[in-house]
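This report walks through one protein model, from its overall dimensions to single residues. Please keep the sequence and the structure in view while reading.

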Amino acid sequence: DERKPYEVHRGIDSTLALLRNQAKQDIEIVKSYGPLPQISAFPGKINQVFMNVLNNAIQAMPEGGILNIQTQDLGAQVAIRVRDTGVGMSEEVQKKIFDPFYTTKPVGEGTGLGMSISLGIIEQHEGKIDIESIPGQGTEVIITLPVG
């Protein structure tokens, strides 16, 4: 895998197309895409981050809900915000979210949230990933990546 020009919106949309087949619940997807420059990235790795983040958001809404995806050009960086109206996370869970193999699922279900891997990929791209969550109200994941 080598760094290449990468279109963030295309990566998000292709990931959503894959996940839409898995999402059995009624989820409304609201995209607020701002104009973005291409970034220099390892495409497969960034797509893996989108897969982990979007899949977690969908799984956090077992009864359905709204998945908001917003992108923004910040000049030297681009921002991708993924917000769900799901179950949210406690402060204790938020502190562990980037630990390898951490999961909120029962033993035997799933292999972790993939957020440790996602953090490593974002850091490899010299970016940042933040999480804001309120139990019972949902979670927002904010990814910032450099343009260059």
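## Surface and overall form

The protein, which is seen here as a predicted model, exposes about 8100 Å² of surface, and carbon and sulfur atoms supply 50% of that area. Of its 148 residues, 42% count as buried. Taken along the principal axes, the C-alpha atoms fill a box of roughly 40 × 30 × 25 Å.

The secondary structure comes to 4 helices and 7 strands, and from the N terminus on these elements run in the order β-α-β-β-α-β-β-α-α-β-β. The radius of gyration is 15 Å, close to the 15 Å that the globule rule gives for 148 residues, so the protein is as compact as a globular protein of that length. Among the contacts with a separation of 6 or more, 71% are made by residues that lie 24 or more positions apart.

## The sheet

In which order do the strands of the open sheet stand? The sheet is formed by 5 strands in the order E2-E4-E5-E7-E6, and their pairing is mixed. Strand E2 (27–32) and strand E6 stand at the edges with a single partner strand each, which means that one side of each is left without a neighbour in the sheet. From one strand to the next, the twist averages 10°. As background, strands of a sheet pair through backbone hydrogen bonds, and they may do so in a parallel or an antiparallel way.

Several of the pairings can be followed residue by residue. E4 and E5 pair in the antiparallel sense over 7 bridges, and within this pair Thr-71 has Ile-80 of E5 as its bridge partner. E5 in turn pairs with E7, again in the antiparallel sense, over 8 bridges; here Gln-77 stands opposite Pro-146 in E7, while Asp-84 stands opposite Thr-139 in E7. E6 and E7 also run antiparallel and are joined by 7 bridges, with Ile-129 opposite Ile-143 in E7.

## E7 and its surroundings

Strand E7 appears in the pairing with E5 and in the pairing with E6. Because 8 of the 9 residues of E7 are buried, this strand is largely enclosed by the rest of the structure. Helix H4 lies across E6 and E7, and it runs at about 140° to E6.

## The nonpolar core

Which residues touch the most other members of the largest nonpolar core? This core has 33 residues, and those with the most such neighbours are Phe-50, Leu-54, Leu-67, Ile-80 and Ile-143. At least two residues of the core are supplied by each of helix H1 (8–20), strand E3 (39–41), helix H2 (43–59), strand E4 (65–73), strand E5 (77–84), helix H4 (115–124), strand E6 (128–134) and strand E7 (138–146). The largest share, 7 residues, comes from H2.

Ile-80 gives a detailed example of these surroundings. Leaving aside its neighbours within four places in sequence, Ile-80 is in contact with Val-8, Ile-12, Phe-50, Gln-70, Thr-71, Val-141, Ile-142, Ile-143 and Leu-145. Two of these names have come up before: Thr-71 as the bridge partner of Ile-80, and Ile-143 as the residue that Ile-129 stands opposite.

## Turns and loops

Two hairpins deserve a careful look at their backbone angles. The hairpin of E4 and E5 has 3 residues between the strands, and Gly-75 in the turn has a positive phi of about 95°. The hairpin of E6 and E7 likewise has 3 residues between its strands, and there Gly-136 takes a positive phi near 80°.

Most residues other than glycine have a negative phi. Glu-126, although it is not a glycine, has a positive phi of about 60°. Glu-126 is placed in the loop between H4 and E6, and its relative accessible area is 65%, so it counts as exposed.

Is Gly-64, a residue at 19% relative accessibility, buried or exposed? Since the cut-off for a buried residue is under 20%, Gly-64 at 19% counts as buried. Gly-64 lies in the loop between H2 and E4. Its C-alpha atom is separated by 29 Å from that of Pro-43, a residue 21 positions away along the chain.

How values were computed:
Residues numbered from 1 in each chain as written. Predicted model: local features only at pLDDT ≥ 70, side-chain atom pairs only at ≥ 80, totals over all residues. Heavy atoms only, no water. Core = buried A, V, L, I, M, F, W, Y, C linked by side-chain atoms within 4.5 Å. Buried < 20%, exposed > 50% of the residue type's maximum accessible area, 1.4 Å probe, protein only. Contact = heavy atoms within 4.5 Å. Pairing = 2+ DSSP bridges. Axes fitted to C-alpha atoms, helices over the stretch in contact; angles between N-to-C directions. Rg over C-alpha atoms; globule rule 2.2 N^0.38 Å. Areas by Shrake-Rupley, 256 points an atom, 1.4 Å probe, with all protein chains shown as cover.
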